[in-house]
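Trainee: Hi! Could you walk me through this one?
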Amino acid sequence: TVAGDVVYYPDWGGNLHALDTVTGEKLWTFEENDSTHWLTAPAISGGVAYHVEYDSTLHAIDTATGEEIWSFEADGILSRSPAVKDDHVVFTTIGGHLYAVDAGSGELLWDFNAGTATEGYAKPIIAGDVVYFAGGDRKLRALELATGAQLWSYQTAGTLGTPLPYRGKVLFTSGNTLALLR
């Protein structure tokens with residue numbers, strides 16, 4: 001993830017690094033307690049890097065210092081990049097939960113359980129006041145960002161990719177098909 005003149009990247013050991021793109025200088029490294037090899041891009045917002053650790057931890061890391069601000073322990077393995085909007089950070093577990101936590105404190109705002117594993121490597125996407133995510137049951141879902149209430153779901157025939165809101169519609173892949181929902 002690039003923000004300003006800094007690139008934030010994970011390594012195979014699960015650590016997160018910040019590198020100055022102008023000078024090439026490493027600014028800091030956030031060392032995780034986990035040695036699993038999972039590479040997910042952090043979400044950057046308001047001077048904070050939100051980074052998932054495979055073992056179930058979401059970390060909020062100060063982008064200036066590399067110091068942890070807070071962490072949140074989810075009920076399940078995290079393997080997809082989070083999404084951030086205003087005071088909400090949303091992220092999924094392999095077990096089918098979509099969590100929203102407060103971006104400033106890490107306090108749980110809501111937890112939506114799809115009842116099935118999340119699909120493929122699709123990450124949640126926020127557009128306006130709606131969160132879109134793919135469930136292992138091959139359903140594309142839209143949830144209200146503020147409350148986690150499901151607005152709608154759409155059954156697909158194939159494995160879902162990350163949804164892409166576009167001009168009031170939603171583009172997504174399902175198997176080998178690109179589809180557009182109005």
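Mentor: Happy to! Two terms to start: two strands pair if DSSP finds at least two bridges between them, and strands (E, at least two residues) are DSSP runs, numbered from the N terminus. The model is predicted: local features need pLDDT of at least 70, side-chain atom pairs count only at pLDDT 80 or more, and totals for chains, interfaces and linings use all residues. Residues are numbered from 1 along each chain as its sequence is written, and side-chain values use heavy atoms, with hydrogens and water left out.

Trainee: Cool. How many bridges join β11 to β12?
Mentor: Five, and β11 and strand β12 (residues 108–113) run antiparallel. In this pairing, His 97 sits opposite Asn 113 of β12.

Trainee: And what lies between those two strands?
Mentor: Five residues, making a hairpin, and Gly 106 in the turn has a positive phi of about 80°.

Trainee: What about β10, how does that pair with β11?
Mentor: Strand β10 (residues 88–92) pairs with β11 in the antiparallel sense, over five bridges. Thr 92 faces Leu 98 of β11 there. Their hairpin has four residues between the strands, and Gly 96 takes a positive phi near 105°.

Trainee: Why is β11 largely enclosed?
Mentor: Because five of the six residues of β11 (residues 97–102) are buried, meaning under 20% relative accessible area with a 1.4 Å probe, protein chains only.

Trainee: New topic: which strand does β7 join?
Mentor: Strand β7 (residues 57–62) is joined by five bridges to strand β8 (residues 68–73), running antiparallel. Leu 58 is opposite Phe 72 in β8. Five residues separate the strands of this hairpin, where Gly 66 has a positive phi near 80°.

Definitions and conventions: Buried < 20%, exposed > 50% of the residue type's maximum accessible area, 1.4 Å probe, protein only.
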